[in-house]
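Student: I would like a close look at one cysteine link and then at what surrounds it in the fold. Please walk me through it slowly, explaining each term as you go.

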Amino acid sequence: MSVSLRRISLLRVADVLIQAASPPRVLVTMLVVAAGAFACRDTTTPKELSKTAPTGAAETMGVGFTSTLIARGNLGTFHMQSKFNGYDVELKSHDNTDVAVANIGIAAGGSSGWHSHPGPVLVVVKSGTITFYRADNPNCAADVYGPGTSFTEQGGLVANATNQGAEAVVAVATFLAPPLAALRIDAAKPDNC
């Protein structure tokens, strides 16, 4: 029988805490340990993101595209404003929000495939050049982003990131999304593209 080290550690911690706790605290201790076990579960490969091919007949598949989750955590609702030396930024979420960061790679000639996200995405291009198509552009004209540039994707917007150059694209994406939601939603190629 195989038991993960994480389960052994949590069970051992629970045993020690229960033995040390007085009877009224036992239930609270068990709830804290259970919440810790739930919070530590592996969220780097949600079921929704693990498919290898689109499931809908009209969905497009990415080619030479990788998205590797670095970290994901829950921020809750937030409203923050930062003013310093004449620089003014405001971020606000009315709903419970996860923040996730992923390394993005697109091989030469590759693409992400048409997709959307459940919330906004901030992308920074480290190397290579992304040619980015948005379905909300009536002519489907591309925007081009090279090294040291960044761009945003609006939640729900169908788009396709491509690499039309000879150098591989390396980028970092920061996602704001509903708790535990899939960060990517596959989509069909829009009619105007």
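Tutor: Let's start with cysteine 193, which is partly exposed, with a relative accessible area of 23%. Its partner, cysteine 140, is buried at 11%. Here, buried means under 20% relative accessible area, exposed means over 50%, and partly exposed is in between, using a 1.4 Å probe and protein chains only. Keep in mind that this is a predicted model, where local features need pLDDT of at least 70 and side-chain atom pairs count only at pLDDT 80 or more, while totals for chains, interfaces and linings use all residues. Residues are numbered from 1 along each chain as its sequence is written, and side-chain values use heavy atoms, with hydrogens and water left out.

The sulfur atoms of cysteine 140 and cysteine 193 lie 1.9 Å apart, forming a disulfide, a term for a pair of cysteine sulfur atoms within 2.5 Å. By that rule the count is one disulfide. The link is right-handed, with 100° about the S-S bond. Cysteine 140 sits in the loop between β5 (130-134) and β6 (142-145), and cysteine 193 in the segment after β10 (185-186), so the bond ties together parts 53 residues apart in sequence. Those labels are DSSP runs numbered from the N terminus: strands (E) have at least two residues, helices (H or I) at least four.

Now for the nonpolar core, meaning buried Ala, Val, Leu, Ile, Met, Phe, Trp, Tyr and Cys residues joined through side-chain atoms within 4.5 Å. The largest one has 20 residues, and those with the most contacts inside it are Ile130, Phe132, Phe151 and Phe175. Strand β5 is among the elements that give two or more residues to this core, as are β2, β4 (121-127), β8 (159-162) and β9 (169-177). The largest share, five residues, comes from β9. In soluble globular proteins, nonpolar side chains tend to be buried together.

Phenylalanine 151 touches residues including Ile130, Phe132 and Tyr145, leaving aside those up to four places away in sequence; contact means heavy atoms within 4.5 Å.

Strand β8 holds threonine 162, which is buried at 8% relative accessible area. With the same sequence limit of four places, threonine 162 touches Gly110, Ser111, Thr129, Ile130, Thr131 and Tyr133.
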